[in-house]
Every structure is written in structure tokens, then in C-alpha cells.
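User: I would like a close look at one part of a protein model, explained for someone in a first year of study. Here is the structure.

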Amino acid sequence: MSKPLAIIASLLAAAILYLLLWPVPIDPVAWDAPQDHGLVDPFGPDDRLSAARPISIGNHEGPEDVTLGLDARLYATSKSGALLQIDSDGRVQTFAQVGGRPLGIETHPDGSLIVANAYLGLQRIRDDGSVEVLVDEVNGQRLVYADDVAIAADGTIFFSEASTKHGAEASAGTYEGSLLDIMEHGGHGRIIALHPDTGDARVILDGLNFANGVAVSDDQRFLLIAETGSYRILRYWLDGPEAGRSEVVLDNLPGFPDNINNGLNGRFWIGLVSPRSKALDSLSARPFLRKVVQRLPAALRPKVAPSSHVIAITGEGEVLMNLQDPAARFSSLTGVLETRDSLYLTSLFGHALAILDKDDL
């Protein structure tokens, strides 16, 4: 064999060994992804989000969630760690620096703001902007990816930890950590309840594939939970004969569900942050190949695709509204805050919070 051919053969052998043996942070688990039917009824193509307009948040990025404060102002989380306050005229200012990467946010009945911070745990922000860490470990295990939050009428705070293995900060970001956990499909997500009187935090549901959005029903009988990595919505019973049990209420979604927010009249809003990945689904039963894919350059691996898609459902999983923007001007929508007159659309990326007047629906 000539020297050039020997060099090429050596390089090919090294590349093959790399793809087969190089250590990766995931240990994929085989599963059978349901067949993706795409945008068919009740998720058929729609363009009503095309009427949404932006509220600029300046140099800040990624208004991942938003809540309406008792002072009638909006409060949005951002990638920079700043908690943004937005008044009725659209003026934006930094209300507090919470650090890390704040994701889900809800308004507590006492007027404080409760934030699920992916890097730092569960936080409370008082009306003077002071920040308190409520929970940063559970059962002696440090929280590494707090994600979304919901507050019950009795003051119990429920929050999701997307993954106990692929921490957001350790993965160099929430997006990067989510890709690792979804690629692995190892059931590392969980839901935690924080008791208002004792301050005790306990796991009420685990084994979830990227536990994400969580919301409490208006009648306080159940939680709805987004299991992003399995494309489905779960119902966890808090009260009644089924208390402590969970069930699937909406399965085989056409995208990855993110936040769940309470809307008006008992409905729940869910952001579908990205369409399903055909490549990822095709590899669901092939864990070894998923390891090989993880060794490829990041640009060649499955990732978020641009889309704008949110839905509203009942607690039984009936789809009430299906809103989309084919142009995806506001892409990677994570959820919706509904008020009497408007829908506020949150997103994983970008420098704007979107608003859609209900008159335009």
C-alpha cells in the first residue's frame, strides 16, 4: 500500500473508532416513539398567530415565561438572569437580578414571584426585588434543572425538574441540557411539591422524560404536566379516589410540549417549542445509533426547528384552540399567558415578547 493510501486508511480507521467508541454524556434507552402524523386535525395548519406583534425586551433574550403580577404589570424571565418588569405601555425595566437561568414564573397570592431557576433552584422574589432561594436540593440531591412552577390555592408550590442527570448549567445551557436528556430518554425528570407550612420538599412523580410544564387545575384536583421527551401531557391527581396516580390525557403531539399555563374558563395553554424530529423518532429504538449520532458535530444532530405553535386544552385533553404562524416570526414558543383581552406568547430565543389581541383571533 502506498503511503498516501496508508494515511487515508489510518484516518478512516480513526474516524470509525471515534464514532463507535468515543465517550459521550448520554446512555440512550430504547423506546418506541409513536408515529408522527404531523399537522392533522386537531392540529391542522393555521395562521392566526400571524397577527401577533412584538414587545421588545431590548438586549435581553429568551423571555421563556411571563406572569401577571398583583400590580397588573407583567414579569418575564430572561436568559441573562434578569427578571423583567413590563408596564401597560410596553416599557421594560429590570425588576431583579436573580442570576442563573430563570425559566418558569408564577405570582404567589402574597404578591411575591416564584421562579424555577434552572441553575439555582426554586426562588422567591419580593416586591423590593430581593431574592430568596426556597429549594436548591431535595432528599440530599442538588437541583440541577428546575424548569416550571405552579402554585395551588393552599400555597403548595409544585415545580418540575426537567432532568436530574443532564443539568442545565453543567451542559452549558438549558437548550443544550434538554437536547442531551431527550436524546437519552432515560426518565430523569420529576415533579416536586413544596409544603407551604413546613417548607418540606418531596418528589411526587418521577421517571419522566424531560419533565417540563406544570399547572394546577382551577378546582385544585389535579396537575397537568408536559412530558416533553415523550410528546405527551399527563394528569396527576391531587385529590379524590385517584390521588397520587397519573395518566396520559393527550398523547402523540406533533411537537415538543414546553410550558403549561392556566388560561381563562378552566383551559390550559401549552407551547409546542419545536416540531417533532423524524431523525430522532427513527432512532428511538436504536440506542447504539443515538450514541453514534451524539458523536457527530452539533450541526448534524437533531435540534429545534423554527415554528410558532401553541394550543389550548381542557383537563381531559380535548384540544380547544390550535394557533400557528407558518412564517414563524416568533419562533420556539414556550407558552401563553392569557388575560381578558390578549395572549402573551413566550419563547426560548429572541428579543421580544409577542402579544396577540383576542379581537384578532
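Which residues form one aromatic cluster with Tyr-231? Please describe that part and what lies around it.

Analyst: The model is a predicted one. The cluster consists of Trp-31, Tyr-231 and Phe-256.

Start with the pair Tyr-231 and Phe-256. Their ring centres are 5.2 Å apart and their planes meet at 65 degrees, an edge-to-face arrangement. An angle over 60 degrees is what counts as edge-to-face. The two residues come from distant parts of the chain, 25 residues apart: Tyr-231 belongs to the loop between β17 (222–227) and β18 (232–237), while Phe-256 belongs to strand β20 (residues 255–262). Tyr-231 has a relative accessible area of 0% and is buried. Phe-256 is buried as well, with a value of 8%.

Tyr-231 also has a charged partner. The charged end of Arg-276 sits over the Tyr-231 ring, 3.8 Å from the ring centre. Another arginine, Arg-235, lies over the face of Phe-222, at 5.6 Å from the centre of that ring.

Next comes the nonpolar core. The largest one in the model has 38 residues, and those touching the most other members are Leu-224, Ile-233, Leu-253, Ile-260, Ile-311 and Ile-313. Among the elements that give two or more residues to this core are β17, β18 and β20, along with α2 (174–184) and β22 (309–313).

Ile-233 shows how such a core residue is surrounded. Leaving aside neighbours within four places in sequence, Ile-233 is in contact with residues including Leu-224, Ile-225 and Ala-226, then Val-248, Val-249 and Leu-250, and also Leu-253, Pro-257, Ile-260 and Ile-313. The list of contacts has a charged residue too, Glu-247.

The cluster can be set beside the rest of the model. The whole structure has 7 aromatic pairs. One of them is Tyr-145 with Phe-210, edge-to-face at 5.4 Å centre to centre and 90 degrees between the planes. Tyr-145 lies in the loop between β11 (141–142) and β12 (146–151) and Phe-210 in the loop between β15 (201–208) and β16 (211–216), so this pair ties together parts that are 65 residues apart in sequence. Tyr-145 is buried at 3% relative accessible area, and Phe-210 is buried at 4%.

To sum up, Tyr-231 is a buried residue that pairs edge-to-face with Phe-256, shares a cluster with Trp-31 and has the charged end of Arg-276 over its ring.

Conventions. Residues are numbered from 1 along each chain as its sequence is written. This is a predicted model: local features need pLDDT of at least 70, side-chain atom pairs count only at pLDDT 80 or more; totals for chains, interfaces and linings use all residues. Side-chain values use heavy atoms; hydrogens and water are left out. Rings of Phe, Tyr and Trp (its six-membered ring) pair if their centres lie within 6.5 Å; planes under 30 degrees apart count as stacked, over 60 as edge-to-face and the rest as tilted. Helices (H or I, at least four residues) and strands (E, at least two) are DSSP runs, numbered from the N terminus. Buried means under 20% relative accessible area, exposed over 50%, partly exposed in between (1.4 Å probe, protein chains only). A charge sits over a ring if NZ of Lys or CZ of Arg is within 6 Å of the ring centre and within 35 degrees of the ring normal. A nonpolar core is a set of buried Ala, Val, Leu, Ile, Met, Phe, Trp, Tyr and Cys residues joined through side-chain atoms within 4.5 Å. Contact means heavy atoms within 4.5 Å.
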